[in-house]
Amino acid sequence: MSKDRVVLAYSGGLDTSVAIGWIGEQTGKEVIACAVDVGQGGEDLEVIRQRALDCGAVDAYVADAKDEFAEEYCLPAIKANGLYMDQYPLVSALSRPLICTHLVKVAKDFGADTVAHGCTGKGNDQVRFEVSLTSQNPEIKCISPVRDLALTRDVAIKYAEEHELPIETTKHNPFSIDQNVWGRAVETGYLEDLWNPPTKDVYVYTDDPAYPPIPDQVVISFKQGVPVALDGQEMSSLQIIQEMNRRAGAQGIGRLDMVEDRLVGIKSREIYEAPGAVALIIAHQNLENLTLEREQGRFKRQVEQRWSELVYEGQWYSPLKGSLDAFVEDSQKYVTGDIRMILHGGRAVVDGRRSTVGLYDFNLATYDSGDSFDQSLSRGFIGIYGLSTQLAAAREQKESKK
C-alpha cells in the first residue's frame with residue numbers, strides 16, 4: 001500500500017468536493033474519489049466523476065450499486081424485519097457497509113492505505129464507516145476531514161469560492177439529508193427544536209397522506225422471505241422496492257418523526273420517509289405470522305431487535321450479526337405466499353393472506369360444523385398448564401392467614 005494516497009467517499013456535493021483539495025493540502029497526499037450510487041437520485045455518475053477530477057482528484061471511481069444494494073442489503077433487512085427502535089427501517093445504516101466494500105476495493109486497486117469520509121464527530125455514520133472499513137481490512141487507516149482536519153461548513157464554502165470549484169455553494173441549507181432506494185433521512189435545522197412540526201418541504205418520497213388518491217390494492221408475492229412479484233408480475237428486488245416506493249409514497253405511507261438514540265450517546269430528532277420499506281416489512285411480518293411456528297416466531301422477534309441494533313451501530317460484519325443472519329435465513333424456509341394489502345391515507349393494511357405452506361388450518365380454526373379440533377383435550381391441558389401458578393396462589397393464601 002502507498003502512504004501517499006487517500007480514497008475519499010465522494011458524494012459530488014460541496015463538502016466532499018472541497019475535501020479533495022483540503023485533504024491534499026492538509027496531508028500532502030493524492031486523493032482518489034469513490035462515488036457509489038445506491039439510489040440516491042440526483043446527477044449522472046459520469047457527471048459526478050468529472051466533477052471529482054475537476055476538483056483535484058487524481059482519479060475517480062464510480063459504481064452503480066443499486067441492484068447490489070437491493071439484493072444484498074435491503075433483502076436481508078426485509079427478512080429480519082429490520083426496524084431500529086421498532087420504527088426506523090435502517091435507511092442510512094444499510095448503505096454504509098456497501099459503500100465501504102467499494103472503498104476497500106478501490107483502496108486496494110489504487111494502492112492507498114487511507115480512506116476518508118465526510119462524517120462529523122457526533123453522528124452514527126463515522127462509526128458505521130470506520131468499523132465497516134476496518135472489519136474488511138484491519139490495516140486500513142481512516143480520517144474524517146470534518147472531524148480530524150477542521151473542515152467546517154463555513155470553511156468549505158469559503159474554500160470553494162476562493163478556488164472556484166465547480167460546485168454550488170450556499171450558506172442557507174436548513175437540513176442534512178441522506179437518501180437511497182430504501183428511504184430518505186432528514187435532520188438538523190429547525191427540526192432540532194422538538195416542538196416544531198415538519199413542514200411540507202421536508203418530504204420528497206411521500207405525498208401528503210391527508211389528501212390521498214383512491215385506495216390502491218396490491219398483492220405482494222414472497223418466496224422464502226424474498227418479495228418476488230407485485231400483482232402477479234415478477235420483478236427484480238430493485239424494481240419491487242422502487243415500485244412500492246412509488247405506490248406507497250403516493251399514499252403518504254412511511255413517514256416517521258422520531259427521537260432516536262444515537263450510538264454516541266445523544267438523542268436526535270429524525271424525520272424519515274421509507275414508503276417501500278415500511279410497506280414491504282409490514283407485508284413480510286404478516287406472512288411470517290401465517291408461516292412461522294409459534295416459538296420460532298417469538299424468538300425471531302428477539303433476534304430482529306438485536307439484528308437491527310447491530311446494523312444501526314455499524315456492526316454489519318460482526319460475528320454476532322453473522323450468527324443472527326444464519327438464524328434469520330433458516331427461519332425463512334417456509335415464508336412463501338401472497339399478501340394482499342390496501343395502501344391508503346398513510347396506512348398499509350393487510351386484508352388477505354395465503355400460503356400453500358402456511359400453518360393455518362381452517363378445519364382446526366372454524367367454529368362451524370366440520371370443526372376437527374378435539375375440545376375435550378383442553379380441560380386436561382388447562383389443568384397442567386396452570387398447575388404452577390395454582391400452587392403459588394395456594395401458598396399465598398395459606399401464608400396470608402398466618
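**Exercise 1. Find what share of the chain's contacts with a separation of 6 or more joins residues 24 or more positions apart, then describe the chain as a whole.**

Solution.
- Step 1. Take the contacts in the chain with a separation of 6 or more. Residues 24 or more positions apart account for 73% of them.
- Step 2. Note the kind of model. This is a predicted model.
- Step 3. List the secondary structure. The chain has 14 helices and 14 strands.
- Step 4. Take the extent. The C-alpha trace spans about 85 × 60 × 45 Å along its principal axes.
- Step 5. Look at burial. The chain has 402 residues, and 47% of these count as buried.
- Step 6. Look at the surface. The accessible surface is about 20500 Å². Carbon and sulfur atoms hold 51% of that surface.

**Exercise 2. Locate the largest nonpolar core and say which helix gives the most to it.**

Solution.
- Step 1. Recall a general tendency. In soluble globular proteins, nonpolar side chains tend to be buried together.
- Step 2. Count the core. The largest nonpolar core has 79 residues. Leu 103 and Trp 182 have the most contacts inside this core.
- Step 3. Find the main contributor. Helix H4, residues 91-110, gives the most, with 10 residues.
- Step 4. Follow Leu 103 outward, leaving aside neighbours within four places in sequence. Its contacts include Val 7, Leu 8 and Ala 9. Leu 103 also touches Cys 34, Val 115, Phe 129 and Leu 133.
- Step 5. Check for another core. A second, separate core has 27 residues. Val 6, Ala 116, Ile 143 and Leu 149 are among them.

**Exercise 3. Find the nonpolar patch on the surface that includes Tyr 385, and decide whether Tyr 385 is buried or exposed.**

Solution.
- Step 1. Name the members. Phe 381, Ile 382 and Tyr 385 form the patch.
- Step 2. Add the area. Together they have about 410 Å² of accessible area.
- Step 3. Place Tyr 385. This residue lies in helix H13, residues 377-385.
- Step 4. Apply the cut-off. Exposed means over 50% relative accessible area. Tyr 385 has 66%, so it is exposed.

**Exercise 4. Describe the surroundings of Asn 124, Arg 128 and Asp 125, which appear in UniProt "binding site" records.**

Solution.
- Step 1. Read the records. In an unreviewed entry, UniProt places "binding site" at Tyr 88, Asn 124, Arg 128, Ser 176, Glu 260 and Tyr 272. UniProt also lists Thr 120, Asn 124 and Asp 125 for "binding site" (unreviewed entry).
- Step 2. Start with Asn 124. It is in the loop between strand E4 (112-116) and helix H5 (125-136). Its relative accessibility is 8%, so it counts as buried.
- Step 3. List the contacts of Asn 124, setting aside neighbours within four places in sequence. They are Glu 260, Arg 262, Leu 263, Val 264 and Tyr 312. Glu 260 itself is also in the UniProt record.
- Step 4. Move to Arg 128. This residue lies in helix H5. At 4% relative accessibility, Arg 128 is buried. Beyond four places in sequence, its contacts include Ser 92, Arg 96, Val 311 and Tyr 312.
- Step 5. Finish with Asp 125. Asp 125 lies in helix H5. Its 19% is under the 20% limit for burial. Not counting residues up to four places away, Asp 125 touches Arg 96 and Cys 119.
- Step 6. Connect the lists. Tyr 312 is in contact with both Asn 124 and Arg 128. Arg 96 is in contact with both Arg 128 and Asp 125.

**Exercise 5. Show how Arg 269 meets residues elsewhere in the chain.**

Solution.
- Step 1. Place Arg 269. It is in strand E12, residues 267-273.
- Step 2. Check burial. Its relative accessible area is 9%, so Arg 269 is buried.
- Step 3. Take one pair. Arg 269 and Glu 192 are 77 residues apart along the chain, and their C-alpha atoms are separated by 6.3 Å.
- Step 4. Read the contacts, leaving aside neighbours within four places. Among them are Glu 187, Leu 191, Asp 193, Pro 197, Asp 257 and Val 259.

**Exercise 6. Compare Asn 81 and Asp 86 by phi and by burial.**

Solution.
- Step 1. Recall the usual sign. Most residues other than glycine have a negative phi.
- Step 2. Read the angles. Asn 81 has a positive phi of about 50°. Asp 86 has a positive phi of about 60°.
- Step 3. Place them. Asn 81 is in the loop between helix H3 (66-79) and H4. Asp 86 also lies in the loop between H3 and H4.
- Step 4. Check burial. Asn 81 is buried at 4% relative accessible area, whereas Asp 86 is exposed at 66%.

How values were computed: Residues numbered from 1 in each chain as written. Predicted model: local features only at pLDDT ≥ 70, side-chain atom pairs only at ≥ 80, totals over all residues. Heavy atoms only, no water. Core = buried A, V, L, I, M, F, W, Y, C linked by side-chain atoms within 4.5 Å. Buried < 20%, exposed > 50% of the residue type's maximum accessible area, 1.4 Å probe, protein only. Helix = DSSP H or I, 4+ residues; strand = E, 2+ residues; numbered from the N terminus. Contact = heavy atoms within 4.5 Å. Patch = residues over 30% accessible without salt bridge, like charges linked within 9 Å, V, L, I, M, F, W, Y side chains within 5 Å. Areas by Shrake-Rupley, 256 points an atom, 1.4 Å probe, with all protein chains shown as cover. Salt bridge = Lys/Arg side-chain N within 4 Å of Asp/Glu carboxyl O. UniProt positions renumbered as here; feature names shortened; annotations may be inferred.
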